[in-house]
Amino acid sequence: MFRVQVPDQDAPDMERAHDFNFDLAVLGGGSGGLACAKEAAKHGAKVVVFDFVQPTPLKTTWGLGGTCLNVGCIPKKLMHTASIYGELAEDAQLYGWNLTKNSHDWDRMVGNIQNHIKAQNWKIRVDLRDKNVTYYNEYATFVDKHTVKSVNKRGAERTVTADKFVLAMGGRPNYPDVPGAQDYAITSDDIFSLKYHPGKTLCVGASYISLECAGFLNGLGIDTTVMVRSILLRGFDKDCSEKIGGYMEQCGVKFLRPCVPNKIECVKEATDSSAPELRVSFTQNGEEKSDIFNTVLFAIGRKPLTDKINPGAIGLKYDPNGKIPVTEEELTNVDNVYAIGDLLNAPELTPLAIQSGRLLAKRLYAGSKILTDYVNVPTTVFTPLEYGSVGLSEDAAIAKYGEENVEVYHTKHTPTEQVVREASALEGYNYAKLICNRADNERVVGLHYLGPNAGEITGGFGLGLIMGATKSDFDRLVGIHPTSSEVFTTMNITRRSGQSIDVEDC
Ligand code: FAD
Ligand code: NA7
C-alpha cells in the first residue's frame, strides 16, 4: 500500500528566536526565488515570496514564475521547436510523406504558447499555497535590513518584516541609448507574446538571445537580419560561434557587421494587428546607412535592477552592472541578506538559479554545507544549428593551461536522420570537439557539440566532465549507434596533427 505524505498543518512552528512576520522573505518569484522559498518552507521556515513584473515600454507584462517560464527558456524553446518543425516537414517529404506546404500561422503559435504559460503560472500559485509559502504579487523595496515595503498594481502598500532575505530579482533586457529605441523597439520581453506578425525583423546584438530569436524567426519564414557590433557569441568557443553564424547565413539570415544602430524612426504606427514600419539608421564599417524594418528587437545584454530595491537603506554593495558580489555561501555584505540566480556574477541559467536557491535554503534551514558548483555548467544555444558546451572554450583552455598542454580532438559528423537531404551548402556544419589537458592525463576540460539535440547530448556528457573524465574514458565508452552522441566516443584526429576532418567513418 502507498501512503501519501501530506504536510502536517498543525506541526509546531520551527523554533524562532525573533518576532518578525516571516523567517525568510524572497524578493523575486522566478526560477531561483521559487526553488529557494519552497525548499525553505519544506524545512519548516515561514516564507513569503514577492513577485511583481514591471511592464515593458510596450506594456507587455506576465505572471508568476519569472523570466524562464514567461519570457525566456520556455517560450524560446517552443518557438525554436516551431521553426525546427518547418525544417523537419521538408525532411518528412523526403521520407515519403505527402505534405502540402502550409505557411506559418504566428497567431496560432503565440496563442498556444501563451496558453501553456498561463496554465503554468496558475500551477505555480497552487504549488506555493500547497507548500505553505505566502505569495504577494507586489513589488518590494527595503526599508531597513529586516523590513520591506511592497506595493501592488493598484498602489496598495504593505510592510513585512523577516529575519532573513533572499534577493532573486533576476534581470531585464538593456536598451541602448539610441533615439527611438524605447519608443519603437522591442526585446525578448515582448517577442513571445507579440500580438501581430513581426514582419521584416532586425535583431540587434550578437548575444545568444539575439541569435536564437533570429534563428527561429528566419525558420518561421520571416525576413530576418542580425546587427553585430563585433564578434558572435562573446564568451563561447570562437570556432563554434562562427560556424553557427555561417550556418544561419546559409539558411537565409542576413548579417550586418560590424554595425551599430544610431536612430529608429516611425514611418507607420503599429496597430493591434499589424507591425509598425520603422526606419533604422546605422553605421556599418564606418558608412552611414538606413533600412526599413517592421520589428527591431534589442538583445544587447541584461541587467539586474538592483538599484530599484532601495539598496541604500541596507547598505547593500553591488556592481555598476547591477550584479551583487557574494561569498561562497551566497551571502551579500549585509549579514542577513543573500543573493542568487541572475543577480550573481555567474552564468545566467535557470538550472543554476534553481540549484543556488535550493542549496541556499538547505544550508539556512536544514544544516547542509553543500555549496553550488559554478564550474562545468553545461549549456546549449538553441540556434538553427544547435550548440551545446560544457567546460572551457579552446581560447580559455589555452589561456589556463598553455597552448602546448591543450590537445583538441575534433571531427565533423552527419546525423543519420539528415542523410536523406540532398547534398547542400548546409553540409559540414555539424561538428564536435573535445579539449583536453595533456599535462593532466588528457583530462577533458571542454566539450563542444554542433548538431541536432545538443541540449540532450551535452547534459549527459556534463556528468563525465564533473567526474573528471579523461580522453581515454571517452574512448572506453561504447557509443550508441546510430546517434549523434557517439561522435564523442570515436574521435582520433587532433588539431595539432593537421589531418583533415572531412572524411567520416561509419
Ligand atoms: P528571474 O527568473 O528573472 O525572476 C526574477 C523575478 O523577480 C521576476 O519575475 C521579476 O519580475 C521579479 N522581481 C524583480 N524585482 C522585484 C521586486 N523588487 N519585488 C518583487 N519582484 C521582483 N536559461 C537557461 O538555462 N536555458 C535557456 O534556454 C535560457 N533561455 C533564455 C532565453 C531568454 C530570451 C532569456 C531572457 C533568458 C534565458 N535563460 C535561459 C536565462 C534564464 O531565464 C534565467 O537565468 C533565469 O530565469 C534566472 O532566474 P532568476 O530566479 O535569477 O530570475
Ligand atoms: P550578452 O551575452 O551580454 O551579449 C550582449 C550582446 O549585445 C553582445 O553581442 C554585444 O556586442 C551586443 N551589444 C551590447 N551593447 C550593444 C550596443 N549598444 N549596440 C550594439 N550591440 C551591443 O547578452 P544576452 O542578452 O545574450 O545575454 C544576457 C544573459 O541572459 C546571458 O548570459 C544569458 O544567460 C541570459 P559586443 O560583443 O559587446 O561587441
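In this predicted model, 13 residues surround ligand 2, each with a heavy atom within 4 Å of it; the closest are Ser 207, Arg 229, Ser 230, Arg 234 and Glu 348. By class, this shell holds five nonpolar, four polar and four charged residues, where Ala, Val, Leu, Ile, Met, Phe, Trp, Tyr, Cys and Pro count as nonpolar, Asp, Glu, Lys and Arg as charged, and the others, Gly among them, as polar.

Oxygen atoms of ligand 2 take part in polar contacts, here pairs of N or O atoms within 3.5 Å. An N or O atom in the side chain of Ser 230 lies 2.5 Å from an oxygen atom of the ligand, and the side chain of Ser 207 offers an N or O atom at 2.8 Å from a ligand oxygen. For Ala 206, a backbone N or O atom lies 2.9 Å from an oxygen atom of ligand 2. Taken alone, ligand 2 exposes 790 Å², and the protein buries 77% of that (Shrake-Rupley method, 1.4 Å probe).

Residues are numbered from 1 along each chain as its sequence is written, while chains are lettered from A and ligands numbered from 1 in the order in which they are written. As the model is predicted, local features need pLDDT of at least 70 and side-chain atom pairs count only at pLDDT 80 or more, whereas totals for chains, interfaces and linings use all residues; side-chain values use heavy atoms, with hydrogens and water left out.

Notes: A polar contact is a pair of N or O atoms within 3.5 Å; within protein, one must be able to donate a hydrogen and the other to accept it, and residues adjacent in sequence count only if both atoms are side-chain atoms.
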